[in-house]
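Welcome, and thanks for taking a look at this one with us. Below is a short briefing to read alongside the structure.

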Amino acid sequence: MKTLADFNFEGKKAIIRVDFNVPLDDQFNVTDANRIEAAKPTIDKILKDGGSVILMSHLGRPKGVEAKYSLKHIVAKTAEVLGVPVKFASDCIGEIAENAVADLQSGEVLLLENLRFYAEEEKGDVAFAEKLAKLGDIYVNDAFGTAHRAHASTTIIAQFFPEHKCFGMLLAKEIESLNKVLNNSEKPVTAVLGGSKVSSKITVIENVLDKIDHMIIGGGMTFTFIKALGGKIGNSICEDDKMALALEILEKAKAKNVQIHLPVDMVAADAFSNEANTQIVDVYNIPEGWQGLDVGPKSLEALKDVIKNSKTILWNGPLGVFELDKFADGTITLGNFIAEATKNGAFSLVGGGDSVAAVKQFGLEPKMSYVSTGGGAMLEMLEGKTLPGIAAIEN
Ligand code: AMP
């Protein structure tokens, strides 16, 4: 794996694909600078070496040039986070960009205008990628959030830097963390898979079954399993057409010696609302008119020991409808168990969907070993897919 450490950037211009697709308010102020902060270590290393930095990113989903999606709105925040002045080029290719790059001195940072002002970016256009490539001496990809897309700036551009391309620190960390969980893991390995649907997690489940010892199932997909096993699930969500698949997963798990942990009780509600009436019920006997929206106390008690004894933990998907306070307890409690196990030496990775939002919302992020920055990209890695952005650097 080629990383920043393999290069000395002195006197070099590094063109870095970052993910600065940050949220803006009505006044175009950055409301969450996490993604800019995440790229700082990579930028710092290059500047420290005596190189200069050309940053390229997308912002939103513009159709052609749209002023509200201009990256000029984030220049001030980027400068504040990096602690150095940041220059801006009002185009990402052509004369404007080339002149700005020609003026760039060692130790300086230049941000290019939104890549997606050109449709060629998402099309993975080779000529457009070549124009971007012309701007830098070394290509660095540090945008994990778009690593699963074969766009011009994330993938195609790499071919113009056969020897001079590498992963940024953020992207390297994502790859390393996933490897630590699925390939070089310390046993026992536990995967917690929650979220709403079996159908959206099936490929992940199939890919991880070979690599884990325990699988904890929670969230809405529980009920497809429970109904398939003959339980009464009331009004809980269920994918009837995936029931056969659920039974197949249970069979496969058994054959591979993976212990499956399904919830035993549920917080059932008479409506999908914080104002609903609730009761704790047996997961196999949810009354008509009621739906399971969070795992119950007995289920959590059972999970506690599994998590406590795990040395490696992967968490993907909430255990209940955590967006509603009334049904957040299961997800929070699980998060606390994982935090405790992590404190005691386990490696924990949270990634690939809404569990990332959950750990952030409940202040658990610093207590996990690693929280992934890319929802879709991490999900595809968990599915065992090779991401085009990663392959382009490795090949
Ligand atoms: P995913 O994006 O697949 O990780 O699914 C996350 C969503 O699953 C969240 O929005 C949760 O509210 C939802 N969810 C979790 N548990 C349940 C449940 N028991 N019933 C309905 N939705 C659920």
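A cavity here is a set of grid points, taken over the protein atoms alone, where a 1.4 Å probe fits but cannot get out. With that in hand, the model, which is a predicted one, holds one cavity of 30 Å³ or more. It also has two open sheets to explore: one has the strand order E3-E4-E2-E1-E5-E6, and the other has the order E10-E8-E7-E15-E16-E17.

**The sheet from E3 to E6**

- Six strands make up this open sheet, and their pairing is parallel.
- At its edges are strand E3 (86-89) and strand E6 (165-167), each of which pairs on one side only.
- From one strand to the next, the twist averages 25 degrees.
- Strand E2 (residues 52-56) and strand E4 (residues 109-112) run parallel and are joined by three bridges; Val53 has Val109 in E4 as its bridge partner.
- Helix H1 packs on this sheet, where it touches E1, E2, E4 and strand E5 (138-141), and its direction makes about 150 degrees with that of E2.
- Helix H3 (residues 94-103) packs on the sheet as well, touching E1, E2, E3 and E4, with its direction at about 155 degrees to that of E3.

**The cavity and the annotated site**

- The volume of the largest cavity is about 90 Å³.
- Its lining consists of Val18, Asp19, Phe20, Arg35, Ala38, Ala39, Asp142, Ala143, Phe144, Gly145, Leu170 and Thr373.
- By type, the lining residues divide into seven nonpolar, two polar and three charged.
- Which element gives the largest share of this lining? Helix H1 (residues 34-49) does, with three residues.
- An unreviewed UniProt entry lists a "binding site" whose residues include Asp19, Phe20, Asn21, Arg35, His58 and Arg149. From the listed set, Asp19, Phe20 and Arg35 are taken in by the lining of the largest cavity.
- Asp19 sits in the loop between strand E1 (13-17) and H1.

**The sheet from E10 to E17**

- This open sheet also has six strands with parallel pairing.
- Strand E10 (259-261) and strand E17 (370-371) are the edge strands, and each pairs on one side only.
- Two bridges join strand E16 (residues 347-350) to E17, and these strands run parallel. Leu349 stands opposite Tyr370 in E17.
- Helix H10 (residues 297-308) lies across strand E7 (189-193), strand E8 (214-217), E10 and strand E15 (312-316), and it runs at about 145 degrees to E8.

Notes: Residues are numbered from 1 along each chain as its sequence is written. This is a predicted model: local features need pLDDT of at least 70, side-chain atom pairs count only at pLDDT 80 or more; totals for chains, interfaces and linings use all residues. Side-chain values use heavy atoms; hydrogens and water are left out. Two strands pair if DSSP finds at least two bridges between them. Helices (H or I, at least four residues) and strands (E, at least two) are DSSP runs, numbered from the N terminus. Contact means heavy atoms within 4.5 Å. Axes are lines fitted to C-alpha atoms, for helices over the stretch in contact, and angles run from 0 to 180 degrees between N-to-C directions. On a 1 Å grid over the protein atoms alone, a cavity is a set of points where a 1.4 Å probe fits but cannot get out, and a pocket is an open set with protein on both sides within 12 Å along at least five of seven lines; lining residues have an atom within 4 Å of a point. Grid points are joined across faces, edges and corners, and a volume is the space filled by probe spheres set on the points. Ala, Val, Leu, Ile, Met, Phe, Trp, Tyr, Cys and Pro count as nonpolar, Asp, Glu, Lys and Arg as charged, and the others, Gly among them, as polar. UniProt positions are given in the numbering used here, feature names are shortened, and annotations may be inferred rather than shown by experiment.
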